[in-house]
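The following exercises ask the reader to work through one structure step by step. Each task is followed by a worked solution.

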Amino acid sequence: MSSSCFNLILLLICTCAYIRALAPSLLDKNKTGLLGIFWKCARIGERKSPWVACCCVIMAFSILFLQ
């Protein structure tokens, strides 16, 4: 259960950061409210990118070799 939740959050962060890199106006206009969650995930992905990348490698290793 916790692994699935961790995977979901990590993929959400990576996806939002990727979308913001391609089309910043999609996420920048919704900084508050329910859609603001996606903007916040994009900011986390941009500012903490080395940590996010490390977590992605760990997630891939666990999916490939431990499950």
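**Exercise 1. Determine how far apart the closest N and O atoms of Glu46 and Arg20 are, and state which helices the pair ties together.**

Step 1. In this predicted model, the closest N and O atoms of Glu46 and Arg20 are 2.7 Å apart. A salt bridge requires a side-chain nitrogen of Lys or Arg within 4 Å of a carboxyl oxygen of Asp or Glu, and Glu46 and Arg20 form such a bridge.

Step 2. Glu46 belongs to helix α3 (residues 36-47) and Arg20 to helix α1, so the salt bridge ties together parts that are 26 residues apart in sequence.

Step 3. The accessibility of each partner is then classified. Glu46 has a relative accessible area of 32% and is therefore partly exposed. Arg20 counts as buried because its relative accessibility is 18%, and the cut-off for buried is under 20%.

**Exercise 2. Identify which other salt bridges Arg20 and Glu46 form, and describe how the residues involved are linked.**

Step 1. Arg20 also forms a salt bridge with Asp28, where the closest N and O atoms are 2.9 Å apart. With a relative accessibility of 27%, Asp28 counts as partly exposed.

Step 2. Glu46 also forms a salt bridge with Arg43, and here the closest N and O atoms are 3.3 Å apart. These two residues are three residues apart in helix α3, so about one helical turn separates them. Arg43, at 22% relative accessibility, counts as partly exposed.

Step 3. The pairs can now be joined. Arg20, Asp28, Arg43 and Glu46 are linked in a network of salt bridges. A search of the whole structure finds three salt bridges.

**Exercise 3. Describe the overall arrangement of the protein: its elements, its dimensions and its buried share.**

Step 1. The secondary structure consists of four helices and zero strands. Read from the N terminus, the order of elements is α-α-α-α.

Step 2. Along the principal axes, the C-alpha atoms fill a box of roughly 40 × 25 × 15 Å.

Step 3. The protein has 67 residues, of which 22% count as buried.

**Exercise 4. Classify the packing of α1 against α4 from the angle between them.**

Step 1. Two packed helices are described by the angle between their axes and the distance between the axes. For α1 and helix α4 (residues 49-66), the angle is about 135° and the axes are 11 Å apart.

Step 2. This angle makes α1 oblique to α4, because only angles over 145 degrees count as roughly antiparallel and those from 65 to 115 as roughly perpendicular.

Step 3. The handedness completes the description: α1 and α4 cross in a left-handed manner.

**Exercise 5. State whether Asn7 is buried or exposed, and give the separation of its C-alpha atom from that of Cys55.**

Step 1. Asn7 is located in helix α1. At 14% relative accessibility, Asn7 counts as buried.

Step 2. Asn7 and Cys55 are 48 residues apart along the chain, and their C-alpha atoms are separated by 9.4 Å.

Step 3. A second pair may be set beside this one. Leu22 and Ile9 are 13 residues apart along the chain, and 20 Å separates their C-alpha atoms.

**Exercise 6. Establish which residues form the nonpolar patch on the surface, and which helix gives the most to it.**

Step 1. The patch is formed by Tyr18, Ile19, Leu22 and Leu26, which together have about 430 Å² of accessible area.

Step 2. Helix α1 (residues 2-22) gives the most to the patch, with three residues. One patch residue, Leu22, lies in helix α1, whereas Leu26 is placed in helix α2 (residues 24-28).

Step 3. Leu22 has a relative accessibility of 59% and therefore counts as exposed. Leu26, at 47%, counts as partly exposed, since exposed requires over 50%.

Methods: Residues numbered from 1 in each chain as written. Predicted model: local features only at pLDDT ≥ 70, side-chain atom pairs only at ≥ 80, totals over all residues. Heavy atoms only, no water. Patch = residues over 30% accessible without salt bridge, like charges linked within 9 Å, V, L, I, M, F, W, Y side chains within 5 Å. Areas by Shrake-Rupley, 256 points an atom, 1.4 Å probe, with all protein chains shown as cover. Buried < 20%, exposed > 50% of the residue type's maximum accessible area, 1.4 Å probe, protein only. Axes fitted to C-alpha atoms, helices over the stretch in contact; angles between N-to-C directions. Parallel < 35°, antiparallel > 145°, perpendicular 65-115°, else oblique. Left-handed = near helix turned anticlockwise from the far one by under 90°.
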